[in-house]
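I'm opening a fresh notebook page for this one. Below is what I'm looking at, followed by my entries in the order I made them.

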Amino acid sequence: MPLTTTAPVQSPISLCQRSTAFKDGVQPLEFFGHWDGRGKAKIVNNGASAMITFSDRTFQPFIVGGPLGNKYIFEQLHFHWGVEDDSGCEHILEGNTYSMEAHAVHYNAKYGSFKEAVDKPDGLAVIGFFMQAYGDTDCCQFDKIVNGIHDIKVPNSEAQIDADCLAWMGLQDLSRHYYTYQGSLTTPPYYETVTWIVYKTPVYVSRAQCAAFRELQSCPKDSNKKIVNNFREVQVPKVSPEVVFVRNSGRLRSKL
């Protein structure tokens, strides 16, 4: 069941524990199939970001539990980043910014498709991961994505990548330690139909891995125009949203 009851707001927002309600014993948030290596994975330069989708699977990855009242099916994952390593994320945590933010977009299974779900009040769930560039040691799980980034520098280009390219998501306990609130898409048309789930702990990648994203072109005819600062500024709602931090969850049944 949803953990918050206030009306949705425009996203992203600034997250702060002083204005957050803590909850324990919440049903675990569970991920199924996101990095099981089945089917095919594709990464695309759409001119605004790098986006990953899956195909040729018996089922699309999905999430259940936590603040969600139903099964939510994976649609795509994309990234936001800045011109430097000190900023690029959309949400802000305790006044801090991170190099990147990854968004795993899911839609409510009861609507049958992302297109049908996108404008419904309970239509979407987006999982947010902060990513921080640090040092010269690559995150080997994240390299599977960076290898594809090198092949999609021109807009509308695409490349096949390893089907377990999201294995970096599983480097932390995903059943808890996240913020959740009712918000919006951070790109047009900004529908306020998103249950946001933003993890507190960042994923650490190397400076070179982060820099690879800044080589993506936004214009096919001008190699000097790069995709940078593709994030929306923090929104300041007129009425503060109810934000919950899930500190501890109940018993976890299974995990892929």
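**Pocket first**

I started with the largest pocket and asked which element gives most to its lining: β7 has the largest share, with 3 residues. I should jot down early that this is a predicted model. Besides β7, I found that β9 (100–108) also gives two or more residues to that lining. In total I have 19 lining residues, and Gln76, His78, Val105, Leu185 and Thr187 are the ones nearest the centre of the pocket. The space inside comes to about 300 Å³. I also sorted the lining by residue type and got 10 nonpolar, 9 polar and no charged residues.

**Aromatic pairs**

Next I looked up ring pairs. How many aromatic pairs does a search of the whole structure find? The search gives 16. I took phenylalanine 129 and tryptophan 168 as one example: their ring centres are 5.4 Å apart and their planes 75 degrees apart, an edge-to-face pair. This pair joins distant parts of the chain, since phenylalanine 129 is in strand β10 (residues 124–133) and tryptophan 168 is in the loop between β11 (158–161) and β12 (178–183), 39 residues apart. Buried or exposed, I wondered about phenylalanine 129? Its relative accessible area is 1%, so I put phenylalanine 129 down as buried. Tryptophan 168 is at 0%, so I noted it as buried too.

My second example is phenylalanine 142 with phenylalanine 213. Their ring centres are 6.0 Å apart, and the pair counts as stacked because the planes are at 20 degrees, under the 30 degrees cut-off. I traced where the two sit: phenylalanine 142 is in the loop between β10 and α2 (143–149), while phenylalanine 213 is in helix α3 (residues 207–213), so this pair ties together parts 71 residues apart in sequence. I have both phenylalanine 142 and phenylalanine 213 down as buried.

Then I followed the ring pairs onward. They link Phe79, Trp81, Phe129, Phe142, Trp168, Tyr178, Tyr199 and Phe213 into a cluster, and both of my examples are in there.

**Charges over rings**

I checked for charged ends sitting over rings and wrote down two cases. Lysine 71 has its charged end over the ring of phenylalanine 62, 4.9 Å from the ring centre. Arginine 57 does likewise with phenylalanine 54, at 5.8 Å from the centre of that ring.

**Cysteines**

I searched the whole structure for disulfides and got 0. Why does cysteine 16 have no such bond? Its closest cysteine sulfur is in cysteine 89, 15 Å away, which is too far for a bond. Cysteine 89 has a closer sulfur to try, that of cysteine 210, but at 11 Å it is too far for a bond as well. For reference, I noted that a disulfide needs the two sulfur atoms within 2.5 Å. I looked up burial here too: cysteine 16 is buried at 16% relative accessible area, and cysteine 89 counts as buried at 5%.

**One glycine**

My last stop was glycine 69, in the loop between β6 (62–64) and β7 (72–81). Its relative accessibility is 57%, so I logged glycine 69 as exposed. I also took its C-alpha distance to asparagine 108: 9.2 Å in space, with the two positions 39 residues apart in sequence terms.

Technical notes:
Residues numbered from 1 in each chain as written. Predicted model: local features only at pLDDT ≥ 70, side-chain atom pairs only at ≥ 80, totals over all residues. Heavy atoms only, no water. Helix = DSSP H or I, 4+ residues; strand = E, 2+ residues; numbered from the N terminus. Buried < 20%, exposed > 50% of the residue type's maximum accessible area, 1.4 Å probe, protein only. Phe/Tyr/Trp six-rings, centres within 6.5 Å; stacked < 30°, edge-to-face > 60°. Lys NZ or Arg CZ within 6 Å of the ring centre and 35° of its normal. 1 Å grid on protein atoms, 1.4 Å probe; cavity = no way out; pocket = protein on both sides within 12 Å on 5 of 7 lines; lining within 4 Å. Points joined across faces, edges and corners; volume = space filled by probe spheres on them. Nonpolar A, V, L, I, M, F, W, Y, C, P; charged D, E, K, R; others polar.
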